[in-house]
Amino acid sequence: MNPIELSQTEFEKHFGYKAAQTVFAPGRVNIIGEHTDYNDGFVMPCAINYGMAVSFTKRDDSIFRIYAIDINETDAFDIKKELLKSEDKWKNYVRGVVNFIKARCPEFIQGADIAMTSDVPMSSGLSSSAALEISIGKTCQVLGDLPLSLADIALIGQEAENKFVGANVGNMDQLTSALGQKDHLVMIDCRSLEITPTPVPQGYSIAIINSNVKHDLVTGEYNSRRQECENAAEFFGVKALRDVSVEQFEQRAEELKQQSELAYKRAKHVVTENARVLEAVKALKANDMEKLGVLMAQSHNSMRDDFEITIPEIDYLVELAQVAVGKKGGARMTGGGFGGCIVSLVPNDKVEALRQLVADNYEKQTGIKETFYVCTASDGVHLV
Ligand code: GAF
C-alpha cells in the first residue's frame, strides 16, 4: 500500500472515522551541490516519489492528536499552550514546526486528528526529516488557512530542525520538499531562494542506492563541518563561503593552509562545489552528459578527500556505479554523508546493468545488502 492510502486507512482504524484530507510531502535526492546550502551557495536536488503522507481532520478544539503509524506511537498537545521539547526525537519535528508556525501566525488555534506514515528510508540522506516537517507545516497551513507560502513553510521547517531538534542543517531539504517540480531538477540559490528548474535529461533515470549504513546528522560531524566552514569564511572576511570565487580561494589557499589545514580543505570543497553546480546547469542545458558525469565524479572526490564525509562502503558503491554508467551520466554520494545513499544519473538502458553489478559485488565486499531505487523527480508538498 502506498503511504497516501496507508495514512488514510490507518487514520480510520485509529480514530474510528474517515480523514477529511491528506497532504503528501516528498523526500529529496541531491544530484550535485553538497554542504553548500548553509554556505549560502548553490544546490541541484529534486523531490522524489517517496515521502510522508499525513491524513487529518479538524477538531472542535485546539488539541493536536498525532498517530505515527510506522512506529505505532502517539503524541497529543494543546496548541494554545506552550509547546515543550520531548525526549522522543520524532515528536520534536512535529512540535517544533507547530511551535514556529504559531510564532509566525499567533491566530492559529485549530486542533486536528492526524495520522502519518513515510516510505522515505530514515537516516539515509533522502530527507525523511524534511518530508515530515514540510508535511506538518502544510497540514497546519491548510488547517488554519494560514497566509504562508511554500518557501515560508520550508524556512519554518528548517527553523524547527535547527532550534527544536538541534540539527544545524541548511535549507536545501525543506525547500526541495516544499518546492520540487515534477520531471525537473531544481537548482536553488540558497541565499536568494531563487529556483531554476531544469528538466531531467531525456533517456536518463535517477537511480539511488542505499548503502544501508546509517548516519546521524545530529551527532557532531555535521555541526562541526558547518563550524569549520564559518571559520574559513571569517578568514576570507566574507559572510559565507558563497562569496569566495575559485580564483579568490586559490590566491589565498597557501596562507589558509598554513593557518588551518582543516579550514583549507573544507573551504576548497565548498568553493569548488558551488562552481560545479553552476557548471552542471550549463552541462544539462547543453545536454552534455559526459561533462555532467565528470562534475559528479569531481564532487564525489571532493567530498571524500577534502570535506571527508564519505565512508568506504559509499566510495565502493560510487566506483561500481561509475563503471556501470560509463562516460555519459554519473554517480556520487548524496546527502549529509557518513553513510546513506549514492545517486546516479544513468541511461535508461543501463539501469539493469547497474542494479546487477551492485547486487553481484556490494554485499560480497562489505557484508551489507544494498537497497536499489529508481525514482522520479516529483512535485513538492501538495494536498492529494
Ligand atoms: C543534510 C542537511 F539537512 C542539508 O541542509 C544539507 O546541508 C545536506 O545535508 C548536505 O548537502 O541533508
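Tutor: Two residues are in contact if their C-beta atoms, placed from the backbone, lie within 7 Å. With that in mind, in this predicted model, residues 24 or more positions apart account for 72% of the contacts in the protein chain with a separation of 6 or more.

Student: What makes the radius of gyration of the protein chain agree with that of a compact globule?

Tutor: The rule takes 2.2 Å times the number of residues to the power 0.38, and for 384 residues this puts a compact globule near 21 Å; because the protein chain itself has 21 Å, the two agree. Along the principal axes, the C-alpha atoms fill a box of roughly 65 × 50 × 40 Å. The chain holds 11 helices and 13 strands, and buried residues make up 52% of its 384 residues.

Student: Why is Asp-173 called buried?

Tutor: The cut-off for a buried residue is 20 or more other C-beta atoms within 10 Å of its own, and Asp-173 has 31 within that distance, so the residue counts as buried. Asp-173 sits in helix α5, residues 172–179, and, apart from neighbours within four places in sequence, is in contact with Arg-28, Ser-127 and Ala-130. An unreviewed UniProt entry lists Asp-173 under "active site", and Asp-173 is also among the residues around the ligand.

Student: Why, then, is Lys-265 called partly exposed?

Tutor: Partly exposed is the class between 12 or fewer such atoms, which is exposed, and 20 or more, which is buried; Lys-265 has 19 other C-beta atoms within 10 Å, and therefore falls in between. Lys-265 belongs to helix α8, residues 261–285.

Student: How do you know that Glu-34, His-35, Thr-36, Asp-37 and Tyr-222, which UniProt places under "binding site", gather at one spot?

Tutor: Those positions come from an unreviewed entry. They span 189 residues in sequence, yet no two of their C-alpha atoms are more than 12.6 Å apart, so the conclusion is that they gather at one spot. Asp-37 lies in the loop between β1 (21–32) and β2, whereas Tyr-222 is found in helix α6, residues 221–236.

Student: Are Asp-37 and Tyr-222 buried or exposed?

Tutor: Set against the cut-off of 20, Asp-37 is buried because 25 other C-beta atoms lie within 10 Å, and Tyr-222 is buried because 22 do. Beyond residues up to four places away in sequence, Asp-37 touches Val-43, Gly-170, Asn-171, Met-172 and Cys-190. Gly-170 and Met-172 also appear, with Asp-37, among the residues around the ligand, a shell of 3 nonpolar, 5 polar and 3 charged residues.

Student: What makes a set of residues a nonpolar core, and which residues have the most contacts inside the largest one?

Tutor: Such a core is a set of buried residues of certain nonpolar types, joined through C-beta atoms within 7 Å. The largest has 100 residues, and those with the most contacts inside it are Val-97, Val-98, Ile-114, Leu-317, Ala-321 and Ile-342. Strand β2, residues 42–58, gives the most to this core, with 11 residues. Val-98 touches Phe-64, Ile-79, Leu-83, Ile-136 and Cys-140, again leaving out residues up to four places away in sequence. A second, separate core has 11 residues, including Ala-232, Ala-233, Val-244 and Val-271. In soluble globular proteins, nonpolar side chains tend to be buried together.

Definitions and conventions: Residues numbered from 1 in each chain as written. Predicted model: local features only at pLDDT ≥ 70, side-chain atom pairs only at ≥ 80, totals over all residues. Helix = DSSP H or I, 4+ residues; strand = E, 2+ residues; numbered from the N terminus. UniProt positions renumbered as here; feature names shortened; annotations may be inferred. Near = placed C-beta within 6 Å. Nonpolar A, V, L, I, M, F, W, Y, C, P; charged D, E, K, R; others polar.
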